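Visitor: I am new to this structure and would like to learn how its descriptions are justified. Could you take me through the reasoning step by step?

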Amino acid sequence: MLLSYESISDEKDFIPFGKFFHEKPIWPARGDLPYRMHGAIEFIFVLSGAVTLMNNKQTYEFQPGEVVFLNSFEPHRCWYHGPSEVYVALVSSGFFNDDNELGNISFPTHNPYNPGFDSVCRFLEYASSEWDKDSISCKRAFAEEIAYLMKKYYPYEPKKTLEKGLSSVADALRYVDGHLTKKLTQEMVAAKMGYCPAYFSGLFKDFVGVTFPDYINYRRIVEFGRLKRENPELSIGKLAQMCGFTSMNTFYRAYNKFGEETVDSAKKY
């Protein structure tokens with residue numbers, strides 16, 4: 001299992017929310033696309049079509065009227081079948097508080113339809129028409145109301161403390177994401193996490209699904225793709241350097257392994 005940590009979801013004021021319509025099925029182009037993981041909790045409300053979710057435990061199928069719940073740092077992948085429409089909302093830990101209890105409770109991954117779904121969707125429809133992505137008060141009110149409605153209509157239980165190993169790996173992924181352009185070694189990050197390199201290596205691969213060096217290269221290739229889109233005038237060598245690659249041979253090996261295009265097509269840019 002290759003895991004991709006989405007650090008933006010851990011920013012304290014982060015609540016992306018909206019209604020999304022997928023006209024065609026959305027399936028991974030490659031079987032080794034990464035699982036996503038983030039510090040925010042995530043809700044997916046299925047309005048039409050169907051959704052398949054894989055987490056680190058099993059596969060779930062969701063139909064219209066059902067709700068997906070994903071806990072903080074829960075690895076997952078989603079697929080959308082045929083024409084489908086969903087509301088998606090992520091709530092970062094900056095909006096967890098004692099009143100909404102979102103930091104202390106957990107819902108089932110699969111929440112079957114109940115009449116409360118219609119009430120929740122009426123609120124989501126209203127919220128989407130009034131949404132202001134730059135307003136903290138708007139986001140705070142949204143977090144309060146979604147927590148109230150979910151607790152009113154769906155079962156929940158106290159959230160379990162993150163398993164120590166997963167918590168440490170999450171910390172390591174956060175560190176990597178913030179230091180991609182700098183020298184990163186397994187020994188260095190293991191020391192920061194308080195582990196010996198050999199133990200950290202095994203722990204990291206167990207949770208993430210690849211070795212630490214492969215993950216570093218994967219993240220740098222993802223960053224390369226982003227920079228290439230934003231800076232099409234820059235050379236491949238310059239972009240690779242900006243992502244933390246110190247050798248073009250290493251870059252091309254990583255691009256060939258993880259890039260969506262071939263190395264040859266990348267050279268055309």
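Guide: In this predicted model, both F224 and Y255 are buried, a word that is kept for residues with under 20% relative accessible area.

Visitor: What makes F224 and Y255 an aromatic pair that is edge-to-face?

Guide: Rings pair if their centres lie within 6.5 Å, and planes over 60 degrees apart count as edge-to-face; the rings of F224 and Y255 are 5.5 Å apart, centre to centre, with 85° between the planes, so they meet both conditions. F224 lies in helix α6 (residues 212–230) and Y255 in helix α8 (residues 248–258), so the pair ties together parts that are 31 residues apart in sequence.

Visitor: Why is the pair of F43 and F45 called stacked?

Guide: The ring centres of F43 and F45 are 6.1 Å apart and the planes stand at 20°, and because planes under 30 degrees apart count as stacked, the pair takes that name. F43 and F45 are buried as well. By this rule the count comes to 23 aromatic pairs, and ring pairs also link F17, Y87, F123, W131 and F142 into a cluster.

Visitor: How do you know which residues of helix α4 are buried, and what puts them on the same side of α4?

Guide: In helix α4, which spans residues 186–193, the buried residues are Q186, V189 and A190. These cover an arc of only 105° around the axis, which puts them on the same side of α4. In general, an α-helix has 3.6 residues a turn, so residues three or four places apart point the same way.

Conventions
Residues numbered from 1 in each chain as written. Predicted model: local features only at pLDDT ≥ 70, side-chain atom pairs only at ≥ 80, totals over all residues. Heavy atoms only, no water. Buried < 20%, exposed > 50% of the residue type's maximum accessible area, 1.4 Å probe, protein only. Helix = DSSP H or I, 4+ residues; strand = E, 2+ residues; numbered from the N terminus. Arc of directions from axis to C-beta. Phe/Tyr/Trp six-rings, centres within 6.5 Å; stacked < 30°, edge-to-face > 60°.
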